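Trainee: I should like to understand how the descriptive terms applied to a structure are justified. May we go through them one at a time?

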Amino acid sequence: MMPIRHSLKIVTYLTAAFLLLALLPTALARPAAAADTWRGPLSTRGRWIVDADGNRFRLKAANWDGAQGSWTGSGSVTDPANHHAGQDSYGIPLGLDRVPLARLLADFAALGINSVRLPFSNEMIHTTTAVPDAAVTANPQLRGRTPLEIYDAVVAALTGAGFAVILNNHTNTSRWCCGVDGNERWNSSQSTQQWADDWVFMARRYAGNSRVVGADLYNEVRRDVLDDPNWGLGDAHDWYAAAQLAADRILTEADPDLLIVVEGINWTGLPVDGLPHGRPVLTPVHTLSNTLVDAHKLVYSAHFYGYTGPRHSGATGIGETSDPRYQDLTREELYQALADEAFFVTTEGRHYTAPVWVSEFGVGANETGTAARTWFGNITDYFADHDTDFAYWPLVGWEGHDDWALLRYDTAGHRSGILDGGDWRATAWAHLMTSPGRTGYVEPGTAWRMLSTDHGDQVESRRVRAGGDWDPGAYKAVCPDGLRLIGLAHSGGRGLCTDARTGDLRAADGAQTVVTDERYVPAGGDWASGYTKFQCPAGRFVVGYSRRGERVSAALCVQARAALGTGGRTVWFDRSDSRPADGAGDDFASGAYKGQCEAGEYIAGVAFTTRVGSAQGPAAVLCVPV
């Protein structure tokens, strides 16, 4: 006999599936994707994505691939047999040769999705040759256009129908991803400068369209033949640094409204038993998180497929190890892996807190394996239960070629797939699409953001940037506009920013003071005897700091919008941590001593020693009630 709780779950699944099928005629008659229920741009509040009105916007998405390329890298590019699943995308979104664009959009709406991840390659941007007429047989209005111009038309059609669009730089060159294919990193086939330039170009191109909501910076960063990507080493393979660079350039030079999506590292090491290897995903974010010029634009992402695993590359044969795949894990083990590798990021009150978007997952309609089918049910249950933002891979495919696609079309444009009966995935899909989640207005919470001067500047204030270099030759860090400095590390140059209790504390006039001596320490106000003290003038508070080596170089103070408290207390941290008992912000400088004010305080000064032989980093801060 089946356990009652499992029977109830199946009944619930079947009810949801019948409900979805009952709604299909209505959805098919209405090609818009809830166009009147949300307004762009999108931003973040804690772990939630919200629209322009502050209402929760859950990314219920799918990947419309093709513009990133489909050629597998060997044989003639003109032979469909040399393209993934025998599908030649011609470097544009799949299906435009078989189905009119308007009908594709109607089918997307019938699925219930509200957003589309739209991959592209850097090669697509620069291709000047028009696609062949055969690529757009069902859409003759697109004849004579380049791949980028067709991408433009697809973006316009999607957003015009109410879908949110997330641009995704999937590959450097137009070929199928992902292995050792010359597209392992953002700079595998091009410079980091060119990659960032391309992102500025693409973001500017769609800046006037508020339903183009996100820039997904790069897909599945992974090892190439010789080297691993890393998170924070400061070299040419540092994904953390490259993502920071591109994100801040997009937000300051192109479109300040875009969400910035940073995927974790997909693979490091050699997939050989006995050698180090694995799938870091977002685990490095625990100790080094991104802080952007807008504190409410960062989304982290991760990919999960049943045939891969925490330490399994997904290969069969060469590159296969004895490590378990995700589909080999029990339900409890899978859920723990998801939490450890990605969903810890959604914990509120941390320097790394952000929405997590699972921007790829999927399985084949022809899959018969018990393990793979069970995995798909388990992971969609997890997404439903945890109110997860997600994007299925892929959305569109050719009938008889790619059974993973949600929607498949034959040469005559006839559709089959998850909407048309007989697809075992429909029950889990219906459960995911109809599961309850948070809706309505999301109150702004407290933001906590890390600053790092590990390898250079991190000036995340637009207002400070506009004023130029305030301490030439030093490594500088400044909180994003709206946040203030609340914590410092004794060594290593890390800091912590927040808007706790006060919101934006800074005055509108933009006045700032670079403090490099003790001139603002009031008479009788020695709060760190024997130490050098950089203290703000009255009415100002610290938003940034600089260092030369480990020695404090300057404090950056700005004018408050209202009268500040006075007095205060000295918080020492040169010999141990001194932080609030609640651990707000979490460990923002792992392995270093840290000092942090309480949530209702601001930093008015920084003290350090200049004694020869002593560590000359920050040793104390003056914490004053707001």
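Mentor: Let us begin with handedness: a crossing is right-handed if the near helix is turned clockwise from the far one by less than a right angle. Please bear in mind that this is a predicted model.

Trainee: Which handedness does the crossing of α5 and α6 have, and at what angle do the axes cross?

Mentor: The axes of helix α5 (residues 192–205) and helix α6 (residues 239–254) cross at roughly 35° and come within 9 Å. The crossing is right-handed.

Trainee: Which residues of α5 and α6 make the contact?

Mentor: Contact requires heavy atoms within 4.5 Å. On α5 the contact residues are T192, Q193, W195, A196, D197, W199, V200, A203 and R204, and on α6 they are W239, A242, L245, A246, R249, I250, E253 and A254. By class, the contact has 11 nonpolar, two polar and four charged residues.

Trainee: What makes the pairing of D323 and R311 a salt bridge?

Mentor: The cut-off is 4 Å between a side-chain nitrogen of Lys or Arg and a carboxyl oxygen of Asp or Glu. The N to O distance for D323 and R311 is 2.6 Å, so the pair qualifies. Both residues lie in the loop between β10 (298–303) and α7 (331–341), so the salt bridge ties together parts that are 12 residues apart in sequence.

Trainee: Why is D323 called buried, and why is R311 called partly exposed?

Mentor: Buried means under 20% relative accessible area, and exposed means over 50%. D323 has 13% and is therefore buried. R311, with 36%, falls between the two limits and is therefore partly exposed.

Trainee: How do you know that R350 and D586 form a salt bridge?

Mentor: Their N to O distance is 3.6 Å, which is within 4 Å, so the term applies. R350 is in the loop between α7 and β11 (356–360), whereas D586 is in the loop between β25 (569–572) and β26 (594–596), 236 residues apart. R350 has a relative accessibility of 25% and counts as partly exposed; D586, with 23%, is partly exposed.

Trainee: What is the distance between the closest N and O atoms of D454 and R494, and is each residue buried or partly exposed?

Mentor: The closest N and O atoms of D454 and R494 are 2.9 Å apart, within the 4 Å cut-off, so this is a salt bridge. D454 is partly exposed at 27%, whereas R494 is buried at 12%.

Trainee: How many salt bridges does the structure hold, and which residues are joined into one network?

Mentor: The structure holds 33 salt bridges. Those that share partners join R56, R58, D387 and D389 into one network.

How values were computed: Residues are numbered from 1 along each chain as its sequence is written. This is a predicted model: local features need pLDDT of at least 70, side-chain atom pairs count only at pLDDT 80 or more; totals for chains, interfaces and linings use all residues. Side-chain values use heavy atoms; hydrogens and water are left out. Axes are lines fitted to C-alpha atoms, for helices over the stretch in contact, and angles run from 0 to 180 degrees between N-to-C directions. Helices (H or I, at least four residues) and strands (E, at least two) are DSSP runs, numbered from the N terminus. Ala, Val, Leu, Ile, Met, Phe, Trp, Tyr, Cys and Pro count as nonpolar, Asp, Glu, Lys and Arg as charged, and the others, Gly among them, as polar. Buried means under 20% relative accessible area, exposed over 50%, partly exposed in between (1.4 Å probe, protein chains only).
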